[in-house]
Amino acid sequence: LDLYGAPAPAAPTALLDVFGSTPAQPQQQQAAPVPVANTMTTPAVSGGASSESVTVPGFTHSGLTVDFVCTKPDKWNSQISELVATCKNAAGAPIHGFNLQCAVPKYVTKEMEPASSTTIPVTGGNNPKLVTQKIKVTNTQLGSKKLMLKLKVGFTLNGNKIEHMATCSAFPQGTY
């Protein structure tokens, strides 16, 4: 009996799937799925595919230096690279309203995260803090075409608005 007093339904003689057909084997004979994640370590768990990194100079303008620390986060797909823009301020005053934009050729796709801060303090001395910005790129023609970035930066320094454009193409051929 169920909660409402009706008798329990009789067990079906043939199991039907969603579309009304009879399955080849009864469900009791199917093996339970084995979790794959417990049998191997993924690159994200082990700390990434490569601990090696390459630093590529981006540009220097009005005391602001942007370099790219490049790594390969996925050992199974060499087309994917992670670029971390590190921003250093050698000007005598903080940089405010920092905005870095990036354009790539058609054979490259990108995902760009916001910068860790829009204010870049004077770097060096007792302040080693850097402002960073992650860019994930996929070079679909890796090996035949180099990675290139067209950069546009805007910021305010000492009350003056500054805009600068640069091209960064010093990435190692065939790697990024």
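Here's a short walk through a few strands and two cysteines in this predicted model.

Let's start with strand β1, which covers residues 54–61. Its partner is strand β2, and the two run antiparallel, joined by 7 bridges. If you want to see one spot where they face each other, find T60: it stands opposite T65 in β2. Between the two strands of this hairpin there are 2 residues. Take a look at S62 in the hairpin too, since S62 has a positive phi near 50 degrees.

Now follow β2 itself, residues 64–71. On top of its pairing with β1, β2 pairs with strand β3 (residues 80–89), again in the antiparallel sense, this time over 8 bridges. How enclosed is β2 by the rest of the structure? Largely, because 7 of its 8 residues are buried.

One residue to pick out is C70. Its bridge partner in β3 is L83. C70 has a relative accessible area of 0%, so it counts as buried.

A cysteine might make you wonder about disulfides. How many does a search of the whole structure find? The count is 0. Why doesn't C70 have a bond to C168, the residue with the closest cysteine sulfur? The two sulfurs are 7.6 Å apart, which is too far for a bond, because a disulfide needs the sulfur atoms to be within 2.5 Å. Looking from the other side, C168 is in no disulfide either, and its nearest cysteine sulfur is that of C70. C168 is also buried, because its relative accessible area is 1%.

How values were computed. Residues numbered from 1 in each chain as written. Predicted model: local features only at pLDDT ≥ 70, side-chain atom pairs only at ≥ 80, totals over all residues. Heavy atoms only, no water. Buried < 20%, exposed > 50% of the residue type's maximum accessible area, 1.4 Å probe, protein only. Helix = DSSP H or I, 4+ residues; strand = E, 2+ residues; numbered from the N terminus. Pairing = 2+ DSSP bridges.
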